[in-house]
Amino acid sequence: MSDHGIGRVAVIGAGTMGHGIAQVCALAGHETVLQDVDPEQLERALARIGDTLDKGVRLGKVEAASRDAAWKRLSGTAELSEAVEKTDLVIEAVPEVIELKRRIFREVAEAVSGEVILASNTSSLSVTRIGAGLPAPGRFLGLHFFNPVHIMALVEVVHGDDTDAAVVDRCLAFAKGLGKEPIVVADSPGFASSRLGVVLGLEAMRMVEAGVASPADIDKAMVLGYRHPMGPLRLTDLVGLDVRLGIARYLHETLKSEAFRPPAILERMVAEGRLGTKTGKGFYDWDTER
């Protein structure tokens, strides 16, 4: 175990973010348990991890021995109590519904000691509100990873009102051990990344609505003109239009800023089920790109 004292990790939620976090933890040497109440979702997530690791080997980015060792460190379960047994860090990666997150952490807190670090992967919700009322509040914080987790270097380490500085330091060291580059952010709506990224994406959507340019050309402007690795609309498709809508609504409500009011095009596309890569269609037609 390294000097940050985090060995075994439990990841709660086997969606896009959860399975990505579990993968990088296992690859970095941590015994990792991925938990989801839906056995089929869990099975799909483990299969995706296996496919991603195999692809990494084919591309020469992952050693075959590292892949095999990571796979041996990784396990899955539908039982929350089993997942958090003898763990040092629990990372929650369920949908952005604050009451769901609070309920899960109450269950986790009943099953672990007060020494276990509890972290939410929330991208915008208040860390302080999620952790309110939990025993040993100093061990609660946000660890906001980015999609796709195995590629994106950034991790936001978000300290709530009650988070102990020593816990922040341990999680900074943990993130660096995953090969990530963490930044420390105060518990403010949208933190640093979502607040900036969402407002850019929403303005790009308003430009599409107004007929300023096509989604592809708006994205090209940001890639070529500002050296963004990906345009805001393509990124929205990758993140999920439903996810972006939920964050925009939350930031609009909490920050009282018209910059975060969801554009009509976003509301309409989500209502139509055009959610981006997960459904095959968003601002781009992903079915034709596969």
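This report walks through the sheet, a β-α-β unit, the cysteines and two single residues of one predicted model.

Because the model is predicted, local features need pLDDT of at least 70 and side-chain atom pairs count only at pLDDT 80 or more, while totals for chains, interfaces and linings use all residues. Residues are numbered from 1 along each chain as its sequence is written, and side-chain values use heavy atoms, with hydrogens and water left out.

## The sheet

Let's start with the sheet. Eight strands form an open sheet with mixed pairing, in the order β3-β2-β1-β4-β5-β6-β7-β8. Helices (H or I, at least four residues) and strands (E, at least two) are DSSP runs, numbered from the N terminus, and two strands pair if DSSP finds at least two bridges between them. The edges are held by β3 and β8 (181–186), each with a single partner strand, so one side of each is left without a neighbour in the sheet. From one strand to the next, the twist averages 25 degrees. For such angles, axes are lines fitted to C-alpha atoms, for helices over the stretch in contact, and the angles run from 0 to 180 degrees between N-to-C directions.

Here are some of the strand pairs, each with one bridge pair.

| Strands | Sense and bridges | One bridge pair |
|---|---|---|
| β1 (residues 9–12) and β2 | parallel, four bridges | valine 9 and threonine 32 |
| β2 and β3 (residues 74–77) | parallel, four bridges | glutamine 35 and threonine 77 |
| β1 and β4 | parallel, four bridges | valine 11 and isoleucine 91 |
| β6 (residues 140–144) and β7 (residues 154–159) | antiparallel, four bridges | glycine 142 and valine 158 |

A further bridge partner to look for is valine 33 in β2, which pairs with alanine 10.

Helix α5 (residues 98–111) packs on this sheet. The helix touches β1, β4 (89–92), β5 (117–120) and β6, where contact means heavy atoms within 4.5 Å. The direction of α5 makes about 165 degrees with that of β5.

## The β1-α1-β2 unit

Now follow the chain through β1, α1 and β2, which make a right-handed β-α-β unit. Right-handed here means that, with the strands pointing away from the viewer, the path from the first strand over the helix to the second runs clockwise.

In a regular strand the side chains alternate between the two faces of the sheet. In β1, Val9 and Val11 point one way and Ala10 and Ile12 the other way, and all are buried. Buried means under 20% relative accessible area, exposed over 50%, and partly exposed in between (1.4 Å probe, protein chains only). Strand β2 (residues 32–35) is likewise covered on both faces, with Thr32 and Leu34 buried on one side and Val33 and Gln35 buried on the other.

Between these strands, helix α1 (residues 16–27) has 12 residues and reaches 17 Å from its first C-alpha to its last. That is close to the 16 Å expected at 1.5 Å a residue, the expected span being 1.5 Å times one less than the number of residues. Helix α1 is mostly covered, with nine of its 12 residues buried; among them are His19, Ile21, Gln23, Val24 and Cys25. Just after α1, glycine 29 takes a positive phi of about 110 degrees.

## The cysteines

Which bonds might a biochemist look for here? The structure holds zero disulfides, a disulfide being a pair of cysteine sulfur atoms within 2.5 Å. The sulfur of cysteine 25 is 11 Å from the closest cysteine sulfur, in cysteine 171, so the two are too far apart for a bond. Seen from the other end, cysteine 171 is in no disulfide, and its nearest cysteine sulfur is that of cysteine 25. Cysteine 25 counts as buried because its relative accessibility is 0%, and cysteine 171 counts as buried at 0% as well.

## Two single residues

Glycine 56 is found in helix α2 (residues 39–58) and counts as buried at 9% relative accessibility. Leaving aside neighbours within four places in sequence, glycine 56 is in contact with Lys61 and Val62. Glycine 56 and histidine 150 are 94 residues apart in sequence and 9.8 Å apart in space, C-alpha to C-alpha.

Alanine 192 is found in the loop between β8 and α8 (193–209). This alanine 192 is partly exposed, with a relative accessible area of 29%. Not counting residues up to four places away in sequence, alanine 192 touches Glu156 and Val185. Alanine 192 and glutamine 35 are 157 residues apart in sequence and 28 Å apart in space, C-alpha to C-alpha.
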